[in-house]
Amino acid sequence: MTDTTAVDTTAMDTSAVNATAVEADLIVVGGGPAGCAAAVMAAGLGMRSVLVDPGEALCRTLERIPVLGNVLGFSTGPALAAAITADVARSDLCRVELGRRAVRIGAYEDRVEVVTVPMEASGSGLLLTAPYAVVATGVGPLRPEDVGWIDGGEGLALPPLWEADPAALTGRTALVLGADRPLGTLLRAHPGLDSRFIVACPPGDAYKAEEIAEDPRVELVPVRHLTLAPRLPGEPPVPKAPPVPEAPLTAEAPPTAEMPLTAEVLTVDGGRRTLTGHRGFRNLGSGPTPPGGDLSADASGYCPPSRQHPRVFTAGDLRSARFQRIATAMGSGSEAALSAYYASRDLPTEATDDVSPRA
Ligand SMILES: Cc1cc2nc3c(=O)[nH]c(=O)nc-3n(C[C@H](O)[C@H](O)[C@H](O)COP(=O)(O)OP(=O)(O)OC[C@H]3O[C@@H](n4cnc5c(N)ncnc54)[C@H](O)[C@@H]3O)c2cc1C
């Protein structure tokens, strides 16, 4: 891998970026399981890669997963993140650039260029150039204003559910907007948590709600529409959560400040209800977060590999609203690096007519 200052930047406007140029065989954008798997696979194939991520560490998404039940060999996200980080560090051919965000991808006939900017004002940008790029920037949490079934609540900064402090929820009712996976993760990780979860979710979330529907702490409220309203001072207090069968996490609820939330809902069977919680959380799922430039998105904003420039391979959660799992992210990242390797040697990855089937 070489640092140079003489790179052809005519095709892309990089004037706003004070960038050092870095060349490699493969650029990897995003340091989650998909991007790390791509970098490690590339190293195994003798390809020099440069991996860029805005975080201070790799695989930060995995740090939010206290219990893992579907990844071979690992039972927690942090343990997997540590193992992946160690594997990437061992890959001499992979240069990791943390604290930098890719802002633009340019795909040309002979190369890919990626403009990165530093997360800190004192840092410097990099202009990455390589024959191929793997883009695996994952997804970001949706906010109430991003979904059509929620109105109101302007100015309400609802935290995502994965940020919830279980100890602060003890003996409390949480009003949760949406039935996305983090709720199942929270309930599995804290089977003794003495809390009540009122979960308002649209019909489209029904398949996600299956894994939590039987939990006695959960009340699922299928809704057509929900209007958010902050609770006003002087309103009657939220009733204490009814007891649940399992032992509480802590003996007493800690004296933390409450941020009550009230919502008026139209249920799927046409009824009207007022839902109230001591705390409100958003758990609305996620949307793709591609960098700008030459990535092609489908109608939902995801970037399937089949739609991309021949020199750009997308991997992980960025590909589709489906298959958003760690194992599939790692598999697709590995496959993306292999695809770049075969492309660099003009080797087809699909069977051609002149290959006879085995007898
Ligand atoms: C709370 C929670 C619980 C989950 N539980 C499970 C589970 O139990 N089992 C399971 O299989 N899956 C689970 N998942 C899903 C799993 O975490 C994802 O499928 C997986 O992390 C996807 O990997 P990825 O590399 O595609 O994306 P990510 O892990 O999201 O990584 C993307 C990376 O790209 C970086 N990035 C973003 N934008 C840019 C940019 N412009 N430039 C450079 N880098 C960028 C991000 O900083 C991030 O590090 C869970 C997810 C959450 C949030």
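Colleague: What makes the pair formed by a nitrogen atom of the ligand and Ala102 a polar contact?

Modeller: The nitrogen atom of the ligand is 2.9 Å from a polar backbone atom of Ala102. A polar contact is a pair of N or O atoms within 3.5 Å, so this pair counts. Keep in mind that this is a predicted model.

Colleague: How do you know how much of the ligand the protein covers?

Modeller: On its own, the ligand has 1000 Å² of accessible area. The protein covers 91% of that.

Colleague: Which elements give two or more residues to the shell around the ligand?

Modeller: They are helix 1 (33-44), strand 4 (49-53), strand 6 (100-107), helix 4 (182-189) and helix 6 (326-344).

Colleague: What makes Asp53 a polar contact of the ligand?

Modeller: An N or O atom in the side chain of Asp53 is 2.6 Å from an oxygen atom of the ligand. The cut-off is 3.5 Å, so the pair qualifies. Pro33 passes by the same rule. One of its polar backbone atoms is 3.3 Å from an oxygen atom of the ligand.

Colleague: How many residues surround the ligand, and which are the closest?

Modeller: There are 29. The closest are Asp53, Arg60, Ala102, Asp317 and Ile326. By type, the shell holds 12 nonpolar, 10 polar and 7 charged residues.

Colleague: Which domains supply the shell around the ligand with at least three residues each?

Modeller: Domain 1 (20-141 + 286-344) and domain 2 (144-231 + 256-282) do.

Colleague: What makes strand 4 and strand 5 a pair?

Modeller: Pairing needs at least two bridges, and these strands have 5, so they pair. They run parallel. In one bridge, Val52 has Glu97 of strand 5 as its partner.

Colleague: What is the order of the open sheet with 5 strands?

Modeller: The order is 5-4-3-9-20, with parallel pairing.

Colleague: Why are strand 5 and strand 20 at the edges?

Modeller: Strand 5 (94-98) and strand 20 (312-314) each have a single partner strand, so one side of each has no neighbour in the sheet. From one strand to the next, the twist averages 15 degrees.

Colleague: How do you know that strand 6 pairs with strand 7 and with strand 19?

Modeller: Count the bridges. Strand 6 has 7 with strand 7 (residues 112-118), running antiparallel. With strand 19 (residues 292-293), strand 6 has 2 in the parallel sense. The requirement is at least two, so both count as pairs. Arg101 stands opposite Val117 in strand 7, and Ile105 opposite Gly293 in strand 19. Strand 6 and strand 7 also form a hairpin, with 4 residues between them.

Key: Residues are numbered from 1 along each chain as its sequence is written. This is a predicted model: local features need pLDDT of at least 70, side-chain atom pairs count only at pLDDT 80 or more; totals for chains, interfaces and linings use all residues. Side-chain values use heavy atoms; hydrogens and water are left out. A residue is near a molecule or strand if one of its heavy atoms lies within 4 Å of it. A polar contact is a pair of N or O atoms within 3.5 Å; within protein, one must be able to donate a hydrogen and the other to accept it, and residues adjacent in sequence count only if both atoms are side-chain atoms. Accessible areas come from the Shrake-Rupley method with a 1.4 Å probe; for residues, only the protein chains shown count as cover. Ala, Val, Leu, Ile, Met, Phe, Trp, Tyr, Cys and Pro count as nonpolar, Asp, Glu, Lys and Arg as charged, and the others, Gly among them, as polar. Domain bounds come from an automatic or database domain assignment. Axes are lines fitted to C-alpha atoms, for helices over the stretch in contact, and angles run from 0 to 180 degrees between N-to-C directions.
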